[in-house]
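I opened this notebook to record, entry by entry, what I looked up in the model. I begin with how two of its elements are oriented, and then turn to single residues and to the core.

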Amino acid sequence: MLVTVVLVVLIIGFMAVTVFSLAAMLVVRRREKKLEDEREIGKTVEELDAALDAALKEINRLGSLIQTEIDEKYKAMLFLYNLVDDKKKEIEESADSEVISDMMEKYIETHKDKLRLISGMPEEAPPIVTAPPEDDTPDEPTEKKPKKITNPRHKQIYDMREEGKAPAEIAKELSMGQGEVKLILDLIDRAE
């Protein structure tokens, strides 16, 4: 009987050692799995950081390119603005509209390539069409319905024409450009 008890104790001890060994192996495997998962997560985080850094560098590079492009367009627009301002001053100093029209046509013709380059227009841009000079004599009064004009300045221009004044006279009296006066009158005439 003692042998049986010893054998049972040995079997129970062996089973306990086996269960303990299995539990220890399970704990070790879980720790290894956790460490492996942490390494994978760390590796993924590093890859994401590297990708994010690369993306930020690319965004910064594109931002610099865009800023450079904006600066160039700003300089070009400033150049055009100065050209227009210079021509405006020349026009204001000149009284003859035909001379002005000829000057502008010649200027546009001689600088059209540069203007297209600066403005970004394609090479095959349609030609610039200028309206033929209009006669400054007032039109013959005809039977007209009174116009509904809401802008006081436009009403003043219209009334002056109705009084028989030519667009050149109106422009001079109101310190406006003759083309602007003609445009306003044309828009009023077209309005129903």
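Entry one, orientation. I note before anything else that this is a predicted model. I found helices α3 and α4 to be oblique to each other, because the axes of α3 (residues 152–162) and α4 (residues 167–174) cross at roughly 135 degrees, and an angle counts as roughly antiparallel only over 145. The two axes come within 10 Å, and I recorded the crossing of α3 and α4 as right-handed.

Entry two, the contact. I listed Arg153, Gln156, Ile157, Met160 and Arg161 on the α3 side, with Ile170, Glu173 and Leu174 on the α4 side. Sorting the residues of this contact by character, I obtained 4 nonpolar, 1 polar and 3 charged.

Entry three, Lys155. I placed Lys155 in helix α3 and asked whether Lys155 is buried, exposed or in between. With a relative accessible area of 33%, Lys155 is partly exposed. I also looked up its separation from Ile184, which is 29 residues in sequence and 9.8 Å in space, C-alpha to C-alpha.

Entry four, the core. I looked up the largest nonpolar core and found 12 residues in all, among them Ile157, Met160, Ile170, Leu174 and Ile184. Helices α3, α4 and α5 (178–190) each supply at least two residues of this core, and α5 gives the most, with 4 residues.

Entry five, Ala171. Ala171 is also one of the core residues, and, leaving aside residues up to four places away in sequence, I found that Ala171 touches Met176, Gly177, Gln178 and Val181.

How values were computed. Residues are numbered from 1 along each chain as its sequence is written. This is a predicted model: local features need pLDDT of at least 70, side-chain atom pairs count only at pLDDT 80 or more; totals for chains, interfaces and linings use all residues. Side-chain values use heavy atoms; hydrogens and water are left out. Axes are lines fitted to C-alpha atoms, for helices over the stretch in contact, and angles run from 0 to 180 degrees between N-to-C directions. Angles under 35 degrees count as roughly parallel, over 145 as roughly antiparallel, 65 to 115 as roughly perpendicular and the rest as oblique. A crossing is left-handed if the near helix is turned anticlockwise from the far one by less than a right angle, and right-handed if clockwise. Contact means heavy atoms within 4.5 Å. Ala, Val, Leu, Ile, Met, Phe, Trp, Tyr, Cys and Pro count as nonpolar, Asp, Glu, Lys and Arg as charged, and the others, Gly among them, as polar. Buried means under 20% relative accessible area, exposed over 50%, partly exposed in between (1.4 Å probe, protein chains only). A nonpolar core is a set of buried Ala, Val, Leu, Ile, Met, Phe, Trp, Tyr and Cys residues joined through side-chain atoms within 4.5 Å.
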